[in-house]
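Let's take a walk through this model together, starting from one residue and working outwards. Keep the viewer open as you read.

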Amino acid sequence: MGNPVVHFEIVGTDGDALRDYYGQLFGWEFDTNNPMKYGVVPREGNTDPDGVGIGGGVTTGPEGYPGHVTVYVAVPDVEQTL
């Protein structure tokens, strides 16, 4: 078995539009109750009936930044994996 994805982050030029899109597409609910309005998708409530699912975040990047998608994967030893 491979290493599990444990978190994701989606950053773009319009975090509200991204949250709207992914919220409608996947049924995600976001908690943006923080100073940066970082849209947290908690793992709890975003799992299937077997408990499979991960949390993540969707937000707006700094002015002029086009964005990125980052996927975080659990590994036993970061240095060895790199």
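**Starting from Thr59**

Pick out Thr59 and look around it: setting aside neighbours within four places in sequence, Thr59 is in contact with Ile10, Val11, Gly12, Gly15, Leu18, Arg19, Met36, Lys37 and Tyr38. Before going on, bear in mind that this is a predicted model. Thr59 itself sits in strand 3. Is Thr59 buried or exposed? Its relative accessibility is 8%, and the cut-off for buried is under 20%, so Thr59 counts as buried.

Now zoom out to the whole chain. You'll find two helices and four strands, and from the N terminus on they come in the order β-α-β-β-β-α. The C-alpha atoms fill a box of roughly 35 × 35 × 20 Å along the principal axes. There are 82 residues, and 22% of them count as buried. As for the accessible surface, it comes to about 5900 Å², with 55% of that belonging to carbon and sulfur atoms. If you like contact maps, here's one more number: among contacts between residues at least 6 apart in sequence, 58% join residues at least 24 apart.

Next, the sheet. In what order do the four strands line up? The order is 2-3-1-4, in an open sheet with mixed pairing. Strand 2 (39-41) and strand 4 (68-73) each have a single partner strand, so these two stand at the edges and one side of each is left without a neighbour in the sheet. Going from one strand to the next, the twist averages 10°.

Take a look at how strand 4 is held on its paired side. Strand 1, residues 5-12, pairs with strand 4 in the antiparallel sense, over six bridges. If you want a spot to check by eye, find Phe8, which stands opposite Val71 in strand 4. Then bring in helix 1, residues 15-26, which packs on the sheet and touches strand 1, strand 2 and strand 3 (55-60). The direction of helix 1 makes about 140° with that of strand 3.

Which residues make up the largest nonpolar core? There are five: Phe8, Ile10, Tyr22, Val41 and Val58. That fits a broader pattern: in soluble globular proteins, nonpolar side chains tend to be buried together. Val58 is a handy member to centre the view on. Not counting residues up to four places away in sequence, Val58 touches Phe8, Ile10, Gly15, Leu18, Arg19, Phe30, Tyr38 and Gly39. Phe8 and Ile10 in that list are core members too.

Now for the charged side chains. How many salt bridges does a search of the whole structure find? It finds two. In one of them, the side chains of Asp16 and Arg19 meet, with N to O at 2.6 Å. Both residues lie in helix 1, three residues apart, or about one turn of the helix. Their surroundings are worth checking as well. Asp16 has a relative accessible area of 43%, so it is partly exposed. Arg19, at 8% relative accessibility, counts as buried.

Asp16 also forms a salt bridge with Lys37, where the closest N and O atoms are 2.9 Å apart. Asp16 is in helix 1 while Lys37 is in the loop between helix 1 and strand 2, so this pair ties together parts that are 21 residues apart in sequence. Through shared partners, the salt bridges join Asp16, Arg19 and Lys37 into one network. Lys37 has a relative accessibility of 40%, so it counts as partly exposed. And here we're back where we began, since Arg19 and Lys37 are both among the contacts of Thr59.

Two loop residues round off the tour. Asp14 lies in the loop between strand 1 and helix 1, and with a relative accessible area of 39% it is partly exposed. Along the chain, Asp14 and Gly61 are 47 residues apart, while their C-alpha atoms are separated by 7.9 Å. Pro76 is in the loop between strand 4 and helix 2 (78-81). Is Pro76 buried or exposed? Its relative accessibility is 80%, so it counts as exposed. Measure from Pro76 to Val11, 65 residues apart along the chain, and the C-alpha atoms are separated by 27 Å.

Notes. Residues numbered from 1 in each chain as written. Predicted model: local features only at pLDDT ≥ 70, side-chain atom pairs only at ≥ 80, totals over all residues. Heavy atoms only, no water. Pairing = 2+ DSSP bridges. Axes fitted to C-alpha atoms, helices over the stretch in contact; angles between N-to-C directions. Contact = heavy atoms within 4.5 Å. Buried < 20%, exposed > 50% of the residue type's maximum accessible area, 1.4 Å probe, protein only. Areas by Shrake-Rupley, 256 points an atom, 1.4 Å probe, with all protein chains shown as cover. Core = buried A, V, L, I, M, F, W, Y, C linked by side-chain atoms within 4.5 Å. Salt bridge = Lys/Arg side-chain N within 4 Å of Asp/Glu carboxyl O.
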